[in-house]
Amino acid sequence: MTRANKTKGLVAAAIAALVALPVVADENAKLIVNDEIEMITEAPAPDHMENMTIIRSGWTFRTKETQALQMDDFENPGMPAVDAAMDAWNTVEGTAGKACATCHEGPESMKGVRAVYPKWNEAAGEVRTLTMQINDCRTTNMGAEEWKYIAPEMVAMEALISMQSRGMPVNVAIDGPVQATWEQGKELYYTRFGQLELSCANCHEDNYDNLIRADHLSQGHINGFPVYRLKNTRLNAVHDRFRGCIRDTRGETFSVGSPEFVALELYVASRGNGLSVEGPSVRN
């Protein structure tokens, strides 16, 4: 078999695996965390989305059992990491003799932050993800060492900050100084990668609600990140998931924290504008 025919066979197999089978998720269920925080899990698609009219949280694509885990913080397996981040929040590090709490007091001061990231940082002249901003605070304000981009302590801190905004609608800016980065992210979203020649849109726009192998494809929104995945039993960062998706196409991926993934995060986050911040959420 020639290489071209082999590649065509792989693509055909991937497409054949996308089959419309009955699903076991309850897409009409309401996500209310701890019986008090009601989430927006379905909303009109943002105006910039040309091919979809309704957007749905990834929570609506999960089984009832997985949905239930996110509805109670005592059951949510991502919460021990949040507890660890709370300890880190109050720990003095670095040459400045400061902790996060020194400048920000309690983590509740971060309410609303997750909803608008990634965002433009005027002083730095760049689009920053929440991860980038956390590291800037560590190095500039605390005199502490950077955390690695998807290190457990970084993902846990992002989860702690994210949960302060739970229930608030995502409202990521796409115009002004971020527009060029947003356009780059959009181009990446529709670019086919790897031997399987699949783009983000092929799964999350063209085939959501279908099953690929044993997985129920969602619309790929990132309002729930950081995400505790039952598959790998840990909290996962957005760029970690981007990297995994590209590897699934049998392609060469970008690095976490790369300009390409920052741009892609901005664009994908904007596709979820109107859905609630959910992190830390629970997914397969």
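Strands here are DSSP runs of at least two residues marked E, and they are numbered from the N terminus. With that convention in hand, and bearing in mind that this is a predicted model, begin the tour by selecting Thr41, which is found in the loop between β3 (37–38) and β4 (42–44). Thr41 has a relative accessible area of 10%, and because buried means under 20%, Thr41 counts as buried. To see what surrounds Thr41, leave aside its neighbours within four places in sequence and display its contacts, which are Ala29, Leu31, Ile55, Arg56, Ser57, Trp59, Thr60, Leu275 and Glu278.

One of those contacts, Arg56, leads to the next stop, since Arg56 also lies over the face of Phe61, at 3.9 Å from the ring centre. A second arrangement of this kind can be brought up by selecting Arg138 and Trp147, where the charged end of Arg138 sits over the ring of Trp147, 4.0 Å from its centre.

Now select residues 152–163, which form helix α6. The 12 residues of α6, at 1.5 Å a residue, should span 16 Å, and the end C-alpha atoms are 16 Å apart, so the expected span and the distance in the model agree. How many of the 12 residues of α6 are buried? The helix is mostly covered, with 10 of the 12 in that class, namely Met154, Val155, Ala156, Met157, Glu158, Ala159, Leu160, Ile161, Ser162 and Met163. Adding α3 (79–89), α4 (100–104), α5 (130–142) and β11 (234–236) to the view shows the elements against which the buried residues of α6 pack.

The last part of the tour concerns aromatic rings. A pair of aromatic rings is described by the distance of the centres and the angle of the planes. A search of the whole structure finds seven aromatic pairs. Among them, Tyr189 and Tyr190 have ring centres 5.2 Å apart and planes at 75°, and the pair is therefore edge-to-face. Colouring by accessibility separates these two residues, as Tyr189 is buried with a relative accessible area of 3%, whereas Tyr190 is partly exposed at 35%. Phe254 and Phe261 also form an edge-to-face pair, with 5.7 Å from centre to centre and 80° between the planes. In this pair Phe254 counts as partly exposed at 22% relative accessibility, while Phe261, at 1%, counts as buried.

To finish, return to Tyr189 and Tyr190 and add Trp182 and Tyr267 to the selection, for ring pairs link these four residues into a cluster.

How values were computed: Residues numbered from 1 in each chain as written. Predicted model: local features only at pLDDT ≥ 70, side-chain atom pairs only at ≥ 80, totals over all residues. Heavy atoms only, no water. Helix = DSSP H or I, 4+ residues; strand = E, 2+ residues; numbered from the N terminus. Expected span 1.5 Å × (residues − 1). Buried < 20%, exposed > 50% of the residue type's maximum accessible area, 1.4 Å probe, protein only. Contact = heavy atoms within 4.5 Å. Phe/Tyr/Trp six-rings, centres within 6.5 Å; stacked < 30°, edge-to-face > 60°. Lys NZ or Arg CZ within 6 Å of the ring centre and 35° of its normal.
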